[in-house]
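Subject: Structure for you to look at

Dear colleague,

I am handing over the structure we talked about, together with some notes on what I found in it. Please open it alongside this message and read the two together.

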Amino acid sequence: MKCPFCSHPDTQVVETREAEDGGFIRRRRRCGGCDKRFTTYERPEVSFPSIVKKDGRRIDYERAKLSGSFQLALRKRPVSTEQVDAAIERIEDKLRTQGEREVLSSRLGEMVMNELKKLDKVGYIRFASVYRSFEDVDDFKNVMDEVRTPG
Ligand SMILES: [Zn+2]
C-alpha cells in the first residue's frame, strides 16, 4: 500500500489488531520513505452482486423491490410477513455466498419462484404466469400494479 503522505510505494505493517467486535482488522503501517505512520482498516465485502437485466442494463440489488414482488404475488394470501422475510433472507444468502459480481435477473426470478412455490401455490402461479413472459422482476411489479384492482 502506498503512503498517503508521500506516495512512497513501500509501507510496512507494524501492528495488526482485530477490532473488538471482530468486524474488521486494523493495521498500523509505517512508511519506508517518510517514516510517518497511518492506519488501515480491512473488512470483508458483503455487498450484493449487481442484477443484470434482460436488456443488459445493470442495476443494484434492492431488498425493497424483491419484497414488493413477494407482497404483490402473495396479496391477500395466508402467508405471514415472517415467512416472506425468511424467504428473502434465503435468497440474499444465496446472492452473497455465490460470490459473483453480477447475477442475471432471470436467475433472481427463479429464486423468487422457488421460494413462492414453497410458501403458497396461488402466489407462485401469479408470479410465474406473469414473470415467465417478462423474465424480469421489475416488469412483474409493473404488470401487477396495472392489473391491481382497488380493495
Ligand atoms: Zn511516506
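The notes below take up the metal site, then the strands, and then the helices and their core.

Please keep in mind throughout that this is a predicted model.

The metal site is a convenient place to begin. The zinc ion is held by four cysteine sulfurs, the SG atoms of C3, C6, C31 and C34, at distances of 2.2 to 2.3 Å, and along the chain these donors follow the spacing C-x2-C-x24-C-x2-C. The pair C3 and C34 links distant parts of the chain, since C3 lies in the segment before β1 (11-18) while C34 lies in the loop between β2 (25-31) and β3 (37-42), 31 residues apart. The angles subtended by the 4 donor atoms around the zinc ion run from 104 to 115 degrees, and the arrangement is therefore tetrahedral. As for accessibility, C3 counts as buried because its relative accessibility is 3%, whereas C34 is partly exposed at 30% and C6 is likewise partly exposed, with a relative accessible area of 36%. A search of the whole structure for disulfides returns 0.

The strands that flank the C34 loop deserve a look as well. β2 and β3 pair in the antiparallel sense over 6 bridges, and within this pairing R27 stands opposite T40 in β3. The hairpin that they form has 5 residues between the strands, and D35 takes a positive phi there, near 70 degrees.

Further along the chain there is an open sheet of 3 strands, in the order β5-β4-β6 and with mixed pairing. Both β5 (58-59) and β6 (102-104) are edge strands with a single partner each, so one side of each has no neighbour in the sheet. The pairing of β4 (residues 50-52) with β5 is antiparallel and extends over 2 bridges, with I51 opposite I59 in β5.

Turning to the helices, the largest nonpolar core has 23 residues, and those with the most contacts inside it are L66, F70, I91 and L116. Two or more residues come to this core from each of α1 (63-73), α2 (81-97), α3 and α4 (121-134), and α3 gives the most, with 6 residues. In soluble globular proteins, nonpolar side chains tend to be buried together.

Helix α3 itself covers residues 105-119, which is 15 residues, and spans 21 Å from its first C-alpha to its last, close to the 21 Å expected at 1.5 Å a residue. Its buried residues are S105, L108, G109, M111, V112, M113, E115, L116 and L119. In general, an α-helix has 3.6 residues a turn, so residues three or four places apart point the same way.

One last position to inspect is R75, which is found in the loop between α1 and α2. R75 counts as partly exposed because its relative accessibility is 27%, and its C-alpha atom is separated by 9.7 Å from that of V122, although the two residues are 47 residues apart along the chain.

With best regards

Methods:
Residues numbered from 1 in each chain as written. Predicted model: local features only at pLDDT ≥ 70, side-chain atom pairs only at ≥ 80, totals over all residues. Heavy atoms only, no water. Donors = N, O, S within 2.8 Å, 3.2 Å for Na, K, Ca; no water. Tetrahedral: all angles 85-135°; square planar, octahedral: opposite > 155°, others 65-115°. Helix = DSSP H or I, 4+ residues; strand = E, 2+ residues; numbered from the N terminus. Buried < 20%, exposed > 50% of the residue type's maximum accessible area, 1.4 Å probe, protein only. Expected span 1.5 Å × (residues − 1). Pairing = 2+ DSSP bridges. Disulfide = S-S within 2.5 Å. Core = buried A, V, L, I, M, F, W, Y, C linked by side-chain atoms within 4.5 Å.
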